[in-house]
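Trainee: I would like to take one part of this chain and go through it slowly, with the backbone in view. Please take your time over the answer.

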Amino acid sequence: MGMKSAACWFAPRWSARTSALDEPVERTIHFDIMSIVRDSLEELDTRETTAPAASHFTEIVLSDVYKIPVGRTVAKIKEHLTDIYRIFIRQGTLQLRVNGEVLSYSPPEMLHAPFFRTPDAEPVQWLKELKLELTDGRQIYGFAALRKVGSTSQAGFALFRRNRLIQGSADEGYRPEQIFGRSNSFVYQRLFGELHLVGFGVSHTKDGIQWDGLEEEILGSLRETLDSEPIPMLRQAREFRITPRREELRIAAVAAVDRTALALKSDLPPFFPTIDDAGSLEVVPRAFTSSEPPLASRKIDIDHAGTTWRITLETSNDPAVGDWIEIFDRRSDDDGVQHLGVRLALAHPFTQRFSIGDPREIELMLRLAAGLALAEVLARNSGARQAGSVRTLLNDLLRNALSK
C-alpha cells in the first residue's frame, strides 16, 4: 500500500510489472487514477505472461509525472532511501542506485569523551546496547548513542521492523518528548540510535508503528534503561559540553553577526524618529501592575553597606505587559529597605522570537535583565541623571527593531 500511495502522489497514471522468485509468471497492472475514480472501479485487470522461474524483479513506471524532483529534493530522496534500507546496505544484501549512483549509509560519529562529572577520567564511547522484553513476548532491541556533534535535525531514533526502517528516517527522527525533551534541548540534539521492534504491527502505509496502547509504558522503560549506570546517556547528553573549535566558533559568530546586522539595517532606520526624545523619559514605577499573576516570582534579601536590598524577580506571560524588562525601585519609609523589582516579559515578541521555553534560555535572559536593572539602580544612586533612559530605549528597540 505504501508504494501504491507514493506512486499516486507522483503521477496520475502508473504501472507495476513484477515477477516473484521461482514463479514462471510475469504480471503487469496499470493504474489510471482518473478512470478509477470516474468509474468507481474496485478491481483492475492483471496481465500475465510467462517468464523464467529464476527471474525476479519489480518495475514501477510513472507516466505524466506531476513534478520531476530536482536539486535538493533529489538529495533528500537519496538521504531517505539510504536511511530506510541501511540495514540491507550494511549487510551487503542490497545495492541501491539512484540515477546510476550507488548509495551508501554513513552513520554519525559517536561521542568519545569522559563523563561530565569526571572530566579528567578516561574517555569512553557513549554507546549502549538495548533490549526490552514485553510480557506478551514482543521485543525491542538495538542501540542508543550520543552524537559527537549535536544536530537539531539529524538526531533521534530510527524504528525498524524486519530490518526495514518504518519511522525516523533522515531529518524525521523518532524523538518522543518523554525522552528527548523539547526541540532545543541537548538530548534532542545528541541522542540517536536504532530500535528493532519484533511482534509489532505497522500502519497500512508502512510509515508508523502500531503500539497497541503501549507506547507510553515502553518509553518509560526505555528512558530508565538509557539513563542507568554505568552509561547514563541522558545525563551525559544534557550536561556534557564540547568547547567549540575556533573555526566552528568563527562560523557561528559570522552567522550571528550577519543576521543581527541584517535586522538592524532593515528594521532600525524607520524607528529612529521615535527614539529621539526617549532619553528624556525617566519612568520608575513603585510596583508592577498586570491583569495576570506572574508565572514565577521570588524575593531575596541582600545586606550591603548597612542597607537591606529586597530584590523581586518575576517572569510574566501577560501579553499586556509591553516592555521586555521592567523594574521598580523604591526605599520603604517604614524600615528603610531598598526594594528592587525585575520583571521579564515572556510574551514579548523578542522573547518569543529567540526562546521556545528552554530553562537555560529563560535563565540567560533573566540574568541579563537583572544585570541591567541593578546597573541602572546603582547608577541612579551614584547620581547619574536619566539612568533609566538606556532601559527605555532598549525596550523600544527590542519590540520594534530587533525582534523581527
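In which loop is Asp64 found?

Mentor: This is a predicted model, and in it Asp64 is found in the loop that runs between strand E4 (57-63) and helix H3 (72-84). The backbone at this place deserves a careful look, since Asp64 has a positive phi of about 55 degrees although it is not a glycine. As for its surroundings, Asp64 has a relative accessible area of 51%, and because the cut-off for exposed is over 50%, Asp64 counts as exposed.

A useful companion to Asp64 is Asp212, another residue other than glycine with a positive phi, here near 55 degrees. Asp212 also sits in a loop, the one between strand E15 (209-210) and helix H7, and with a relative accessibility of 53% Asp212 is exposed.

If you follow the chain through helix H7 (215-226), you come to the loop that leads to helix H8 (233-239), and this loop holds Pro230. The feature to inspect there is the peptide bond from Glu229 to Pro230, which is cis, with an omega near 5 degrees.

For a contrast in exposure, turn to Ser185, which lies in the loop between helix H5 (177-180) and helix H6 (186-190). Ser185 has a relative accessibility of 14%, and so it counts as buried, the cut-off for that being under 20%. A polar atom of the Ser185 side chain lies 3.2 Å from the backbone nitrogen of Tyr188, a pair that you can pick out when you display side chain and backbone together.

From the loops we can pass to a sheet, for which the strand order is E16-E17-E19-E18; it is an open sheet of four strands with mixed pairing. Its edges are formed by strand E16 (296-304) and strand E18 (325-331), each of which pairs on one side only. On average, and with direction ignored, neighbouring strands of this sheet are turned by 15 degrees against each other. Within the sheet, strand E17 (residues 307-316) and strand E19 (residues 338-345) run parallel and are joined by eight bridges. To find your place in E19, look for Arg343, which has Glu314 standing opposite.

To return to your starting point, then, the residue you asked about is an exposed one, with a positive phi that is set out above for a residue that is not a glycine.

Conventions:
Residues are numbered from 1 along each chain as its sequence is written. This is a predicted model: local features need pLDDT of at least 70, side-chain atom pairs count only at pLDDT 80 or more; totals for chains, interfaces and linings use all residues. Side-chain values use heavy atoms; hydrogens and water are left out. Helices (H or I, at least four residues) and strands (E, at least two) are DSSP runs, numbered from the N terminus. Buried means under 20% relative accessible area, exposed over 50%, partly exposed in between (1.4 Å probe, protein chains only). Two strands pair if DSSP finds at least two bridges between them. Axes are lines fitted to C-alpha atoms, for helices over the stretch in contact, and angles run from 0 to 180 degrees between N-to-C directions. A polar contact is a pair of N or O atoms within 3.5 Å; within protein, one must be able to donate a hydrogen and the other to accept it, and residues adjacent in sequence count only if both atoms are side-chain atoms.
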